[in-house]
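Biologist: I am new to this structure and would like a close look at one part of it. Please take a single residue, explain how its surroundings are judged, and then work outward to the strands around it.

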Amino acid sequence: MKKTDQELKQDSSRSTEKVSRRDFLRQTAAAASGAVAATTAIAAARAEEVAAGAKAAIGKSMDHAAMSHANMGHDMSKYGSMMFMEGHSMKPGQVIEPPGSPSPNEVEYKVFDVDVQIIEHEILPGITSHMFAFNGQVPGPEFHVNEGDWVQVNFTNHTEEMHTIHWHGIILPYTMDGVPMVTQDPVHPGDTFVYRFQAKPAGTHWYHCHWSTPLHAASAMHGAFIVHPKKETLKKRFPYSRDYIMMLEAWDTNFIREEMNGLLEGMKEVNLLMSQGKLDYKTHGFFKDYAEFKQAVESGEYIAPYLQSRSSGVEIKPNFFAINGKSYPATKRIGIKQGEWIRIRLINASGLSHHMHLHGHDFWWVSQDGADLPEPRRMNTIHVEPGGTYDIMILGDNPGFWTFHDHKTTQVRNNGIYPGGMLTVLAYEDFEPTYIPSVSVDQ
Ligand SMILES: [Cu+2]
């Protein structure tokens with residue numbers, strides 16, 4: 001599916017015309033709204049093929065594959081792929097309730113409604129980027145449930161793209177794991193997918209979209225999923241009174257803009273054609289069977305309709321780094337009082353490594369990926385790996401204002417400008433400063 005040469009081949013007229021991605025984007029942008037853009041021609045041609053049930057042009061070596069077409073689903077299933085399995089289909093506007101968890105008659109579920117929509121998110125005052133956002137917020141809503149609770153999440157897709165939710169760190173039935181094409185069909189526009197599972201194990205976890213992860217999960221379909229333990233053992237040694245979450249994020253706003261525009265342009269066409277019955281809903285805009293897939297692999301000349309204008313393969317160079325949706329100086333300060341213990345749950349949603357360093361204090365690293373360490377570790381810089389969660393405890397024993405930041409200097413910038421990015425301040429609330437700088441970036 002991925003074009004290695006980053007070129008789009010347009011074969012709607014059977015004449016070969018190569019359009020570079022950038023040229024294509026320019027053409028698309030130049031076309032008046034509603035006018036026929038290149039995508040339309042490609043998608044329409046593709047739809048015609050599908051509607052007419054036209055056999056793909058298959059060479060000699062492909063004859064066998066073409067003949068055994070009817071059995072392809074079975075043939076492929078032994079390789080573990082769900083792409084071509086029989087029954088791999090959905091109808092629009094559906095509520096999908098997969099098996100695997102007890103029915104609502106058997107256990108009492110805590111029910112949450114989560115949707116995804118496109119919002120214009122403000123990273124810094126006046127600096128915005130369009131993002132996919134759970135319930136319209138960045139990061140998504142925080143879940144706080146108790147160990148052993150039964151959780152039901154009704155996930156509705158209010159965008160023209162496809163999505164899922166993966167529950168990162170939760171031990172659940174595989175049918176609820178949220179990986180498109182592996183454990184479930186992607187959730188189509190307008191559809192609702194019902195996730196049901198038990199909240200376990202206890203600890204700091206998170207959730208994110210697993211569709212087109214570099215765009216969706218990173219920008220910004222992610223949120224904290226906290227499972228509070230039955231027994232709070234950590235509180236004995238660290239009697240913390242406040243519990244903070246810090247989602248660490250990195251965004252390439254140029255990538256987001258191009259990728260999202262491309263995807264939505266493609267999906268507009270696909271969704272229209274599906275609604276008109278011209279494109280088979282069953283295929284999700286993917287290959288209609290294994291023969292088509294194999295032919296595409298052999299020729300290297302196929303892109304699924306919804307991928308026509310995608311910038312797959314483009315290098316992602318994050319230019320904004322954020323904590324809970326904001327870059328410094330818009331980051332929220334962490335409040336602490338003298339003598340107070342606080343807990344901070346660091347969750348790395350960014351895809352990059354972060355080296356979070358706290359000034360003026362040591363802290364205690366107590367948990368990783370939700371599991372408490374056998375022995376807490378005293379440190380002042382913690383290496384936070386992509387996808388991981390790390391819990392630390394801080395004692396307010398040095399009144400003042402203290403920087404807490406990613407020590408990778410390129411990641412404390414806003415679009416290249418220092419200071420900024422992944423930086424916040426540990427601020428004592430019961431403290432009258434004797435001296436403050438006369439100039440600050442947040443004035
Ligand atoms: Cu998504």
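Modeller: A residue is called buried if 20 or more other C-beta atoms lie within 10 Å of its own, exposed if 12 or fewer, and partly exposed in between. The model is a predicted one, and the residue I would start from is proline 139, found in the loop between β5 (127-134) and β6 (143-146). Proline 139 has 25 C-beta neighbours inside 10 Å and therefore counts as buried. Leaving aside residues up to four places away in sequence, proline 139 touches Ala220, His222, Gly223, Met247, Asn324 and Gly325. One of these contacts spans a long stretch of chain, since proline 139 and glycine 325 are 186 residues apart in sequence, yet 5.8 Å apart in space from C-alpha to C-alpha.

Let us go first to the strand that precedes this loop. β5 pairs with β4 in the antiparallel sense over eight bridges, and histidine 121 has serine 129 in β5 as its bridge partner. These two strands form a hairpin with two residues between them, in which glycine 126 takes a positive phi near 85°. Strand β4, which covers residues 109-124, also pairs with strand β7 (residues 150-157), here in the parallel sense and again over eight bridges, with lysine 110 standing opposite valine 151 in β7. Phenylalanine 112 belongs to β4 as well, and with 15 C-beta neighbours inside 10 Å it counts as partly exposed. Its C-alpha atom is separated by 9.1 Å from that of phenylalanine 143, a residue 31 positions apart from it along the chain.

Phenylalanine 143 takes us to the strand on the other side of the loop. It stands opposite phenylalanine 225 in β11, where β6 and strand β11 (residues 222-228) pair in the parallel sense over four bridges. Both strands belong to an open sheet of four strands, with the order β6-β11-β10-β8 and mixed pairing. Because β6 and β8 (166-168) stand at the edges with a single partner strand each, one side of each is left without a neighbour in the sheet. The twist in this sheet averages 25° from one strand to the next. Within its order is β10, and the loop between β9 (192-198) and β10 (203-208) holds proline 201, whose peptide bond from lysine 200 is cis, with omega near -5°. As a general point, most peptide bonds are trans.

Some of the residues met so far also appear in the nonpolar interior. The largest nonpolar core has 73 residues, and those with the most contacts inside it include Phe225, the residue opposite phenylalanine 143, and Met247, which proline 139 touches. Helix α7 (residues 253-275) supplies the largest share of this core, seven residues. Isoleucine 347, another of the residues with the most contacts in the core, touches Thr204, Trp206, Ala224, Ile245, Met247, Leu248 and Thr389, not counting residues up to four places away in sequence.

The distant partner of proline 139, glycine 325, leads to a second sheet, for β13 covers residues 320-323. Six strands form this open sheet in the order β13-β12-β15-β20-β17-β18, with mixed pairing. β13 and β18 (371-379) are its edge strands, each with a single partner strand, so one side of each has no neighbour in the sheet. Neighbouring strands here are turned by 20° against each other on average, direction ignored. After β13, in the loop between it and β14 (334-336), lies proline 329, and the peptide bond from tyrosine 328 to proline 329 is cis, with omega near 10°. Towards the other edge, strand β17 (residues 363-368) and β18 pair in the antiparallel sense over five bridges, and phenylalanine 363 has methionine 379 in β18 as its bridge partner. Aspartate 369, in the loop between β17 and β18, has a positive phi of about 50° although it is not a glycine. With 16 other C-beta atoms within 10 Å, aspartate 369 is partly exposed.

To set this part in the whole, the chain has eight helices and 22 strands, and of its 443 residues 37% count as buried, proline 139 being one of the buried residues. Among contacts in the chain with a separation of 6 or more, 74% join residues 24 or more positions apart.

Conventions. Residues numbered from 1 in each chain as written. Predicted model: local features only at pLDDT ≥ 70, side-chain atom pairs only at ≥ 80, totals over all residues. Contact = placed C-beta atoms within 7 Å. Pairing = 2+ DSSP bridges. Axes fitted to C-alpha atoms, helices over the stretch in contact; angles between N-to-C directions. Core = buried A, V, L, I, M, F, W, Y, C linked by C-beta atoms within 7 Å.
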